Amino acid sequence: MALHIAKPDFEELRQHGEETYPHECCGVLLGQVDEAGVKRVRDVVRCGNQRTDSPHNRYVIDPRELVGIQRRAHERELDIIGFYHSHPQHPARWSATDLEEAHWPGCSYVITSVMNGVATQTNSFDLVAEGESKSFQDEQIHVE
Amino acid sequence: MKVLIPTPLRQYTGKQSTVELDAGSVDEVLRELTTQYPELRKQLFTAEGELRKFVNVYVNDEDIRYLERERTTVKPTDTISIIPSVAGGLPSRRLEF
């Protein structure tokens, strides 16, 4: 699996993480998935972090915001193909909580490490569900 | 009414992103949907028949938890959205540089 994203969109999601530092940022990736399972991002939508009680180490996207995003994406013939968030002062690796709270199999979960306010590494993980179990698999990001 | 199917559940609806249904309540919507697409049942409901905690159901812009849950009435012009939750977090230890 691979995630293709235009450079301005890639920079946008990384910049979002710098702007919200030391808090986590979050947002949605809209686009299309082809028959081979290759995802192409067409738009990046910023979301607010609903976890205002612990925004430095938790994020929740308001489902109501997601409903609106899903509806508008449908009107544009786009799909929700992934999500992004930042890890302030942590590596760009998924955490146990990230996996536990991930409920969109087939979608990409993009994580940017933000160290001292500067976006460093960005990685993508494909959520794979097999029966009752699920896992994150490393996914290559192609910035175009 | 129209039911919007989120991307991960489309593998159970023959890849359809929307399903048109006739129903008078959210309960009927979900029942009709899972009758047409039986594999959806396990994705939406627990073994006890409760809607899974991470599955949000909205009638237009309203969460059914703040309406009358599955008893919420729906009109033919309504749009029903099924939306799994999106969240995550970090361990409490921070890397200091």
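How many bridges join strand β2 of chain A to strand β3 of chain A, and in which sense do the two strands run? To find out, select residues 26–33 and residues 39–47 of chain A: eight bridges join these strands, and the strands run antiparallel. Within this pair, C26(A) stands opposite C47(A) of β3(A). The model in the viewer is predicted.

**Chain A as a whole**

Next, display all of chain A as a cartoon. Three helices and eight strands should appear, and from the N terminus on they follow the order β-α-β-β-β-α-β-α-β-β-β. The C-alpha trace spans about 40 × 35 × 30 Å along its principal axes. For 144 residues, a compact globule would have a radius of gyration near 15 Å, and the 14 Å of chain A agrees with that. Colouring chain A by burial marks 43% of its 144 residues as buried. Among the contacts in chain A with a separation of 6 or more, 63% are between residues 24 or more positions apart.

**The barrel and its helices**

Now select strands β1, β3, β2, β5, β6, β7 and β8 of chain A. In that order, these seven strands close into a barrel with mixed pairing. On average, neighbouring strands of this sheet are turned by 35 degrees against each other, direction ignored. As background, the strands of a sheet pair through backbone hydrogen bonds, in either a parallel or an antiparallel arrangement.

Add helix α1 of chain A, residues 7–20. This helix lies across β1 (2–5), β2, β3, β5 (79–88), β6 (108–115), β7 (118–130) and β8 (133–143) of chain A, and runs at about 50 degrees to β6(A). Then add helix α2 of chain A, residues 63–75, which packs on the sheet and touches β2, β3 and β5 of chain A. The direction of α2(A) makes about 140 degrees with that of β5(A).

For a single position on the barrel, select S135(A), which belongs to strand β8 of chain A. S135(A) has 14 other C-beta atoms within 10 Å and is therefore partly exposed. A distance label from its C-alpha atom to that of Y109(A), 26 residues away along the chain, should read 12 Å.

**Where chain A touches chain B**

Show both chains and select the contact between them, to which chain A gives 31 residues and chain B gives 26 residues. On the side of chain A, the elements that give two or more residues are β4 (58–61), α2, β5 and α3 (96–100). The largest share, seven residues, comes from α2(A). By type, the residues on this side of chain A divide into 13 nonpolar, 12 polar and six charged.

Keep β4(A) selected and add residues 86–89 of chain B, which form strand β6 of that chain. The two strands pair in the antiparallel sense over four bridges. Here V60(A) stands opposite A87(B) of β6(B).

**A helix of chain B**

The last stop is helix α1 of chain B, residues 26–36. Which residues of this helix are buried? They are V26(B), V29(B), L30(B) and L33(B). Turn the view to look down the axis of α1(B): the buried residues fall within an arc of 90 degrees, so they line one face of the helix. An α-helix has 3.6 residues a turn, so residues three or four places apart point the same way. To see what covers the buried residues of α1(B), select elements including β1 (2–4), β2 (18–20), α2 (40–44), β3 (55–59) and β5 (79–84) of chain B.

Technical notes. Residues are numbered from 1 along each chain as its sequence is written. Chains are lettered from A and ligands numbered from 1 in the order in which they are written. This is a predicted model: local features need pLDDT of at least 70, side-chain atom pairs count only at pLDDT 80 or more; totals for chains, interfaces and linings use all residues. The radius of gyration is taken over C-alpha atoms; the globule rule is 2.2 Å times the number of residues to the power 0.38. A residue is buried if 20 or more other C-beta atoms lie within 10 Å of its own, exposed if 12 or fewer, and partly exposed in between; C-beta atoms are placed from the backbone. Two residues are in contact if their C-beta atoms, placed from the backbone, lie within 7 Å. Two strands pair if DSSP finds at least two bridges between them. Axes are lines fitted to C-alpha atoms, for helices over the stretch in contact, and angles run from 0 to 180 degrees between N-to-C directions. Ala, Val, Leu, Ile, Met, Phe, Trp, Tyr, Cys and Pro count as nonpolar, Asp, Glu, Lys and Arg as charged, and the others, Gly among them, as polar. The arc is that of the directions from the helix axis to the C-beta atoms.
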